[in-house]
There are 2 protein chains.
Amino acid sequence: MKTMEFWFEFASTYSYPAAMRVEAAARAVGVTVQWKAFLLGPIFKAQGYESSPFVAFPVKGRYMWRDIERLSAKYGLDWRQPTRFPRTSVTAARIACSYGDAAWLPAFVRAIYHANFAQDRDIGDDAVVRDCLIALGLDADAVLAHVTSAAEKPRLREQGEQAAQRGLFGAPSFVVDGELFWGNDRLEDALDYAQR
Amino acid sequence: MKTMEFWFEFASTYSYPAAMRVEAAARAVGVTVQWKAFLLGPIFKAQGYESSPFVAFPVKGRYMWRDIERLSAKYGLDWRQPTRFPRTSVTAARIACSYGDAAWLPAFVRAIYHANFAQDRDIGDDAVVRDCLIALGLDADAVLAHVTSAAEKPRLREQGEQAAQRGLFGAPSFVVDGELFWGNDRLEDALDYAQR
């Protein structure tokens, strides 16, 4: 079975359309997705950025908001510009790391992105994360206890180190057999590569 | 007749596939292209960059070379990584400004890009620019004298100011009725917008 790693960060605007599209697009061509959450903060710091490049370079940031609005319309995705950017999302990222192989994980990831970029909800607030878990019929208390346990807590940092080892510098990214594709615009190329 | 501005810089790697594709893609959907050369240097300086972001952020630069190689293969374009990047290209840009409406201009633009990104020739050297003009059956001496005349020389700077007024921050860019699209990946979306 061909597999593709999908690297995403919940605060990342361009990860939103990628996260909403990746499962159906991959399934259509027989590729299995490995869901890999990571935090961009340490990656940006290593490049010398204090925050998102869209904050550091305001002219690029203004363009990005308009571009994402257009892309959302093109893909038929709900969209509302968040009043805070970038939002922290450590708990959601921990869940995505610890439950990367769970059948419900893709739906959870989409729910968090929808909360951030279509509902303008604070995904850094554990109450919002809980709502997303409960809506999927999950035991939110058990999930939150598990991902903050001593055994599980290091996983997000470890996955971040894995991201750096793969040469990732932004999100979303796709990795197929060590070949890196950066950006929502490269989803189709990455899937083509997986089928080569 | 619908028109689309195509903003390009000869040193810009992602402007290469865009420049090679734009005329045929626009013609196929009945859109007229306005060819707009500009220099990225002043635009990058205004954002706080000393050189290309691909030089300032090496991990992004390494990815870009691989990505352009893949894109060139995808589009069926010749490709050889230039031994110098970014190359200066003031004379070629002056010609593209002064002769923006000439019937031969698109072929000249493609010839310069091919010299830089498929032949690794120094497009900052007037001898290379001359070769491209002569290969198109043009009077190279007359063209070079014209673009460096007192009347024509300010045009490149003026076009650069026009680029800044439009909010451009990178190349290639497409502008349709004031709507900005950034990057080779947005050529099709810009053409869709021109036909809305």
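These legends walk through several close-up views of a predicted model. Residues are numbered from 1 along each chain as its sequence is written, while chains are lettered from A and ligands numbered from 1 in the order in which they are written. In this predicted model, local features need pLDDT of at least 70, side-chain atom pairs count only at pLDDT 80 or more, and totals for chains, interfaces and linings use all residues; side-chain values use heavy atoms, with hydrogens and water left out.

**View 1. Chains A and B are related by a rotation of 180 degrees.**
Turning chain B by 180 degrees, with 0.0 Å of shift along the axis, superposes it on chain A with an RMSD of 0.0 Å. That is the relation of a two-fold axis. The fit is made by least squares on the C-alpha atoms of residues with pLDDT of at least 70 in both copies. Look for D185(B): of the residues of chain B, its C-alpha comes closest to the rotation axis, at 3.5 Å. The same surface serves both copies, as 100% of the contact residues of chain B recur in chain A (contact means heavy atoms within 4.5 Å).

**View 2. Y16(A) and W79(A) form a tilted aromatic pair.**
The ring centres of Y16(A) and W79(A) are 6.4 Å apart and the planes meet at 35 degrees, so the pair is tilted. Rings of Phe, Tyr and Trp (its six-membered ring) pair if their centres lie within 6.5 Å; planes under 30 degrees apart count as stacked, over 60 as edge-to-face and the rest as tilted. Y16(A) belongs to helix 1 (residues 15–28) of chain A, and W79(A), 63 residues away, to the loop between helix 4 (58–75) and helix 5 (90–98). Helices (H or I, at least four residues) and strands (E, at least two) are DSSP runs, numbered from the N terminus. Y16(A) is buried at 0% relative accessibility, whereas W79(A) is partly exposed at 21%. Buried means under 20% relative accessible area, exposed over 50%, and partly exposed in between (1.4 Å probe, protein chains only). Both rings belong to one aromatic cluster, whose members include W35(A), W65(A) and F174(A).

**View 3. The charged end of R21(A) sits over the ring of Y75(A).**
The distance to the ring centre is 4.1 Å. In chain B, R21(B) lies over the face of Y75(B), also at 4.1 Å from the centre. A charge sits over a ring if NZ of Lys or CZ of Arg is within 6 Å of the ring centre and within 35 degrees of the ring normal.

**View 4. E179(B) and R70(A) form a salt bridge that joins two chains.**
The closest N and O atoms of E179(B) and R70(A) are 2.9 Å apart; a salt bridge is a side-chain nitrogen of Lys or Arg within 4 Å of a carboxyl oxygen of Asp or Glu. E179(B) lies in strand 4 (residues 179–182) of chain B and R70(A) in helix 4 of chain A. E179(B) is buried at 11% relative accessibility, and R70(A) is buried at 14%. Both take part in a network of salt bridges that includes D185(A) and R186(B).

**View 5. C97(A) is a buried cysteine without a disulfide partner.**
The closest cysteine sulfur, in C132(A), is 17 Å from that of C97(A), too far for a bond. A disulfide is a pair of cysteine sulfur atoms within 2.5 Å, and the count over all chains is 0. C97(A) has a relative accessible area of 5%.
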